[in-house]
Amino acid sequence: MAKLTFNGGIHPYDGKELSKDKPMKEILPKGDMVYPLSQHIGAPAAPIVAKGDHVLAGQKIAEAGGFVSAPIYATVSGTVKTIEPRRVVTGDMVNSIIIENDEQYEEVTYTPHNPDEMTKQEIITCIQEAGVVGMGGAGFPTHVKLSPKEPEKIEYIIANCAECEPYLTSDYRRMIEEPQKLVDGLKIMLKLFDNARGILAIEDNKPDCIKILKDLTKDEPKITVKALQTKYPQGSERQLIYASTGRAINSSMLPADAGCIVDNVDTIVAIYHAVVEGKPLMNRIVTVTGDAVNDPRNFLVRIGMNYKDLIEEAGGFKSEPEKVVSGGPMMGFALFDLDVPTTKTASALLCMTKDEVSKYEPSACINCGRCLEVCPSRIMPKKLAICAEHQDEEGFVKNHGMECVECGSCSYVCPAKRHLAQPIKSMRKTVLANKKK
């Protein structure tokens, strides 16, 4: 039988053995907590607390700034110190609520629900009110994704269990330690769409997870576990949809246009917590790893906690790292300062003793075509990079530059060590920004 996959892709060293076999560890923050008001795609949240207010963990501190937005909740008890701009992982200064942690961790009282007794709109409202967003990196408000114009046309709810980004193992640990929450969260999503079936799409390098999920869903006729070929970027939304269903989408389409909705593991577990337990989105799993870390592992982190505290919990550095990345090595952000807060979309902190990439000296293109061979979107990275470098927006769009999924596979395989992904990514942002004018 043919492997479930897509055309193109690469097989980088995955580094997952550093952290995959250690159980999750829940940690409590010690210092001030920082809550950026933009932790999601869409309008920033609006503060509903003021300096001097005492808050409890689980208390709403900022309400959604519109339909495409999400509220934010305190994850500790304490006192609001101020509301001011603070730096985030991207280097931007973002208006943030600062809470002085009293280390008492007093919580509000939550109201559990029975999904079987709730209407579809009540479930969506519950998810919206809990502040659930896409936790795989994009941060798109989940209630918006679950409210397509034609819900009757949704045929597949795909749980993105691939976790193809090297070094990251947070989804793996969640599937190993709390698989029932994932399955129950998927069942809640299926209640919203009468004609949909669920797919747990997982790379075949996780046979233990595949077995666990198959055992849990053997009596669930509407849920299927599909083992996908292990290949990067298998977890990219377009590639995942194609590998799982055979359906293709492009940059002008949403997954709903192909009858699909895709959410990653942590997002679906957050849906479970919101609906069944009545808890807002307050924590997430973060992989702290790399050869510079003494004790690489996954931590259950309260959102707003400082990255420096995560390094301390991981035993500190073996030696001073040359490169630190928020996220994975393929699509993460390089950090120049660890004094930034974790957010809803913080998936990993990768610390490397050597910055190998910075030592590469780009040379002239040798026209080998490898970038084209590995491109999952089947476009021409070399040509697009040239358009981007010359600010040729028209040529960039004409050569399908907007179809790039920014996976970085082209840069990874280039024998001339040319910077291909970076200019393409920048030009895509420029095109999108100009479209809004």
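A: Let us begin with burial: with a 1.4 Å probe and protein chains only, a residue is buried under 20% relative accessible area, exposed over 50%, and partly exposed in between. The model is predicted, so local features need pLDDT of at least 70 and side-chain atom pairs pLDDT 80 or more, while totals for chains, interfaces and linings use all residues. Residues are numbered from 1 along each chain as its sequence is written, and side-chain values use heavy atoms, without hydrogens or water.

Q: Then how do I read Lys308: buried, partly exposed or exposed?

A: Lys308 has a relative accessible area of 44%, so it counts as partly exposed. Its place is in helix H8 (residues 307-313); helices (H or I, at least four residues) and strands (E, at least two) are DSSP runs numbered from the N terminus. The C-alpha atoms of Lys308 and Asp337 are 9.2 Å apart, although these positions lie 29 residues apart along the chain.

Q: What span should helix H7 have?

A: The expected span is 1.5 Å times one less than the number of residues. For the 13 residues of H7 (residues 265-277) that gives 18 Å, and the end C-alpha atoms are 17 Å apart, which agrees. Burial adds to the picture: 11 of these 13 residues are buried, so H7 is largely enclosed by the rest of the structure. Among the buried ones are Val265, Asp266, Tyr272 and His273. Just after H7, Gly278 takes a positive phi of about 75 degrees.

Q: How does helix H4 look by the same two readings, span and burial?

A: H4 (residues 179-190) has 12 residues, which should span 16 Å, and its end C-alpha atoms are 17 Å apart, in agreement. Nine of the 12 are buried, so H4 too is largely enclosed by the rest of the structure. Lys181 is one of the buried residues, and Leu182, Val183 and Leu186 are others.

Q: Which space does H7 help to line?

A: A pocket is an open set of points on a 1 Å grid over the protein atoms alone, where a 1.4 Å probe fits, with protein on both sides within 12 Å along at least five of seven lines; a cavity is a set the probe cannot get out of, and lining residues have an atom within 4 Å of a point. Volume is the space filled by probe spheres on the points, which are joined across faces, edges and corners. The second largest pocket holds about 380 Å³. It has 21 lining residues, with His273, Lys279, Met282, Asn283 and Leu300 closest to its centre. H7 gives the most to this lining, six residues, and strand E14 (297-302) supplies at least two.

Q: How many cavities of 30 Å³ or more are there?

A: There are three, and the largest has a volume of about 110 Å³. Of its 15 lining residues, Cys375, Pro381, Cys404, Cys407 and Cys410 lie nearest the centre. Helices H10 (381-389), H12 (409-413) and H13 (421-436) each supply at least two lining residues.

Q: How many aromatic pairs does the structure have?

A: Rings of Phe, Tyr and Trp (its six-membered ring) pair when their centres lie within 6.5 Å; planes under 30 degrees apart are stacked, over 60 edge-to-face, and the rest tilted. A search of the whole structure finds one pair: Tyr13 and Tyr167, edge-to-face, 5.9 Å centre to centre with 90 degrees between the planes. Tyr13 lies before strand E1 (25-26) and Tyr167 in the loop between strand E9 (156-160) and helix H3 (170-177), so the pair ties together parts 154 residues apart in sequence. At 9% relative accessibility, Tyr167 counts as buried.
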